[in-house]
Amino acid sequence: MNTKTIVLFCITLFLPLSGLTQTEPEEIAMVSDEFQDSFYESLLQKGIENYDKAIAALEKCLLSQPNNATVHFELGKNYLALKQYENAYQAFQKATQIEPKNKWFWTGIYDLSFQTKNYERAMTAVQQLILFDERNKDDLIPLYMATNQSEKALTLIGEMNAKYGKSQERTQFKNQILLATKNQSSDWKELSEFKNYLDANDGNQAVQTMNSILANAQIPNAVKHRVFNEFLIFAYNNPQYEGALENAISVFDSDKEVNVAQAIGKFYQNKNNTEKAIRFYELALQKEVGIVETNLLLLQAYTTAKKFQKLAKKAEEGMELYPSQAYFYFYFGLANNQMRQFNKAKEALETGLDFVIDDLDLEINFNLQLAEAYNGLGDFKKKDSFFAKANQLIQKKKK
């Protein structure tokens, strides 16, 4: 539930990377041409982040299937993308009422609640998710920390480490707790002071203390990363201190574990500040030109910002660097569909589809975009064929 990976699927396309990122069972039984057309319209509109239009299409679906839990779940995700949080909660809650044993519907409530800092509601959702997999207890740790229950968090960290082995994320959480509570030595006292400066909104002192901590060889890198993340959150709400972020990047230049510029890009993308995300992803690629993950994150950001020319150019570069990496063909096809270069889109998508191996999510996306390309070319028979193939693959995910 805590991995931060890029997940591309016809219904979850281009969502920020938070919470549970296992593949979701997005399926729906088609009962009429009108329902199918409205449902696929919602997928295509969501794929290019026209959330209002996606919601309108889903509302048409509810006219014929008012108790379709998946449609309510999709409504929740579109409302969440628009930051209409109460509408999102009502939609997710409706989905859980219809199908209480579907873990993904509880995941929607968890993600929404965590994002809006409704930690009690988030804990309730996690308790339901634990019934599906006890390892979901990991998600109680940040909730305990957010509600000042550090002892419970430390106890649970110990239990989970003993049962499942140590994890980097639990170690980081433990270091964060130490950062807030440990002040026996001068080094750790400085960490405590840093936290106090942030709490007091004293940005100048926080910057000086952070720079001192980052330069301190006695403090572990994992703790330095946490300090940097704390300041990142502070800088988001106090943009006058953003310059210190770029200065701090140089401290981690030799750090092979974390690309800090990429981490900043992810932070801004999760906060829907796409322009800044793009800036830092581009900066990250100056350090590591060939990193697939960073390239894909940048392509996702270009898509969100509707910078389709840049998307096509960067995706084409990716196709040259990684000729067997299907995602680059997908993005190239999506970009050209949006620029109404349907023949270019069709050719790239048909080529890239051959490189999709054991990835139903991506295969569904390819078929949807191919349907869009053939629709633009006026070949409606093939458009319907690819839509039907996408639906067939969605049904396959039920099994």
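These are my notebook entries on the fold, core and one pocket of a predicted model.

**Overall make-up.** I started with secondary structure and found 21 helices and 0 strands in the chain. Next I checked burial: of the 399 residues, 51% count as buried. The accessible surface came out at about 18,700 Å², with 47% of that belonging to carbon and sulfur atoms. I also looked at how contacts spread along the sequence. Among contacts with a separation of 6 or more, 56% join residues 24 or more positions apart.

**Core.** Then I went inside. The largest nonpolar core holds 114 residues, and M210, F231 and I264 have the most contacts inside it. Helix α18, residues 326-338, contributes the largest share of this core, 9 residues. I picked F231 for a closer look and listed what it touches, leaving out residues up to four places away in sequence. The list runs F194, L198, A206, V207, M210, Y241, A244 and L245. So M210 turns up again, as a contact of F231 and as one of the core residues with the most contacts. A note to self: in soluble globular proteins, nonpolar side chains tend to be buried together.

**Second largest pocket.** Last, I turned to this pocket, whose volume is about 370 Å³. I counted 17 lining residues, and Y40, E41, L44, E372 and F387 are the closest to the centre. Which helices supply at least two lining residues each? I got α1 (33-47), α18, α20 (360-377) and α21 (380-396). Helix α1 gives the most, with 7 residues. By type, I sorted the lining into 5 nonpolar, 6 polar and 6 charged residues. Helix α18 is on both my lists, for the core and for the pocket lining.

Technical notes. Residues numbered from 1 in each chain as written. Predicted model: local features only at pLDDT ≥ 70, side-chain atom pairs only at ≥ 80, totals over all residues. Heavy atoms only, no water. Core = buried A, V, L, I, M, F, W, Y, C linked by side-chain atoms within 4.5 Å. Buried < 20%, exposed > 50% of the residue type's maximum accessible area, 1.4 Å probe, protein only. Helix = DSSP H or I, 4+ residues; strand = E, 2+ residues; numbered from the N terminus. Contact = heavy atoms within 4.5 Å. 1 Å grid on protein atoms, 1.4 Å probe; cavity = no way out; pocket = protein on both sides within 12 Å on 5 of 7 lines; lining within 4 Å. Points joined across faces, edges and corners; volume = space filled by probe spheres on them. Nonpolar A, V, L, I, M, F, W, Y, C, P; charged D, E, K, R; others polar. Areas by Shrake-Rupley, 256 points an atom, 1.4 Å probe, with all protein chains shown as cover.
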